[in-house]
Amino acid sequence: MVNDSDTALLAVNLGTPDAPTAPAVRRYLAEFLGDPRVVAIPPLLWKPLLYGLILPLRGPRSAANYAKVWMDEGSPLLVHTRRLAAALQERLPDWRVLPAMRYGNPALRSILRELRASGVRRLVVLPLYPQYSTTTTASVADVVAEETQGMDVTLIEDYSSDPGWVAAVAGSIARYRSQHGAGKHLLFSFHGLPQRVADAGDPYPRRCLDSATAVAAALGLAPEQWSLAYQSRFGRERWLEPSTLDALDRLAASGVREVDVACPGFAVDCLETLEEVALGLAEHFESKGGRMAYIPCLNDAPAHADALAGLARCAVGSDG
């Protein structure tokens with residue numbers, strides 16, 4: 001019989017460079033964009049483009065963006081993920097809770113090997129992607145399958161409509177709007193995905209809509225008071241629409257001057273929420289004559305940790 005003391009929980013996030021420098025960013029992007037789950041182009045075609053053009057161009061530019069939001073303790077994504085893992089540890093005192101990154105450090109593969117070598121018998125893997133996608137959660141599952149032979153593994157694939165998580169997101173948004181004033185419109189911005197991936201059957205767009213609909217319902221919003229869009233496009237192919245930029249432009253054109261933006265596809269704040277949305281898109285909307293307020297991610301908020309700890313316990317049928 002496996003006891004709680006034999007159980008480990010991995011809170012897995014996407015990843016981040018080790019420093020806001022061009023070399024560190026290039027190393028990180030090489031691993032991230034080299035994953036066939038992320039870019040499904042044959043390596044013989046993709047790698048020359050990646051190493052010859054994309055990394056040399058994106059490295060310095062991305063490093064400058066990271067520098068805008070870098071914290072004293074490191075990358076926002078890593079800092080907040082560590083804090084969230086610590087909050088989960090408090091709620092699961094008999095478990096071993098660790099943060100891990102699919103790309104970069106602390107490396108998921110290395111941590112899995114260490115846990116297996118140390119004799120951990122039961123493992124719960126929680127990818128910090130509320131909405132399942134083959135480009136994110138499935139990539140974590142690939143590594144887990146390769147490194148956990150002989151272990152009792154439970155992978156939490158999706159919690160896009162989990163009541164505890166929905167309540168945590170809705171509560172966070174409600175508190176922010178109560179403290180700072182509510183904009184006329186609430187825009188949910190999710191990370192984008194190439195349209196071809198969705199056309200191939202990836203359920204991500206449906207899961208994003210499920211999340212936004214559930215949170216809007218919990219907030220008591222009418223259909224005209226909220227909408228959904230996708231951010232962080234890359235490359236020239238068609239991505240999920242509408243883009244967050246286009247959605248903001250349409251709101252401005254329709255006379256909406258105050259918009260609140262929340263990013264419930266991100267468990268913690270990171271480059272995409274802090275630099276792209278809170279800084280870049282807010283400045284863009286201001287240039288259109290409006291005011292855009294960014295509502296922070298849940299990060300290590302107690303309600304967030306409570307919801308994720310509940311998911312982990314439920315996954316293994318534990319009340320402890």
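**Strands, patches and salt bridges in a predicted model**

Five bridges join β7 to strand β8 (residues 291-295), and the two run parallel. This is a predicted model, in which local features need pLDDT of at least 70, side-chain atom pairs count only at pLDDT 80 or more, and totals for chains, interfaces and linings use all residues. Residues are numbered from 1 along each chain as its sequence is written, and side-chain values use heavy atoms, with hydrogens and water left out.

Visitor: What makes β7 and β8 a pair of strands?

Guide: Two strands pair if DSSP finds at least two bridges between them; strands are DSSP runs of E with at least two residues, and helices are runs of H or I with at least four, numbered from the N terminus. Five bridges join β7 to β8, so the pair meets the criterion. Within it, Val259 stands opposite Met292 in β8.

Visitor: Which strand is joined to β7 by four bridges?

Guide: Strand β5 (residues 185-191) is, and the two run parallel. Leu187 stands opposite Val261 in β7.

Visitor: Why is strand β7 called mostly covered?

Guide: Buried means under 20% relative accessible area, exposed means over 50%, and partly exposed lies in between (1.4 Å probe, protein chains only). In β7 (residues 258-262), four of the five residues are buried.

Visitor: What is the strand order of the open sheet of four strands?

Guide: The order is β2-β1-β3-β4, with parallel pairing. The edge strands are β2 (96-104) and β4 (152-155), since each pairs on one side only. Four bridges join β3 (residues 122-127) to β4, and Leu123 stands opposite Val153 in β4.

Visitor: Which strands does helix α4 touch?

Guide: Helix α4 (residues 108-117) touches β1 (7-16), β2 and β3 as it packs on the sheet; contact means heavy atoms within 4.5 Å. The direction of α4 makes about 145° with that of β2, where axes are lines fitted to C-alpha atoms, for helices over the stretch in contact, and angles run from 0 to 180 degrees between N-to-C directions.

Visitor: Why does Leu57 count as exposed?

Guide: Leu57 has 51% relative accessibility, and the limit for exposed is over 50%, so Leu57 counts as exposed. Leu57 lies in helix α2 (residues 43-69).

Visitor: What makes Glu73 and Arg83 a salt bridge?

Guide: A salt bridge is a side-chain nitrogen of Lys or Arg within 4 Å of a carboxyl oxygen of Asp or Glu. The closest N and O atoms of Glu73 and Arg83 are 2.5 Å apart, so the pair satisfies that limit. Glu73 lies in the loop between α2 and α3 (76-91) and Arg83 in helix α3, so the pair ties together parts that are ten residues apart in sequence. The structure holds 14 salt bridges.

Visitor: Why does Arg83 count as partly exposed?

Guide: Arg83 has 31% relative accessibility, a value between the limits for buried and exposed, so Arg83 counts as partly exposed. Glu73, at 51%, counts as exposed.

Visitor: How do you know that Glu146 forms a salt bridge with Arg109?

Guide: The closest N and O atoms of Glu146 and Arg109 are 2.8 Å apart, within the 4 Å limit, so the pair qualifies. The two residues link distant parts of the chain: Glu146 is in helix α5 (residues 137-147) and Arg109 in helix α4, 37 residues apart.
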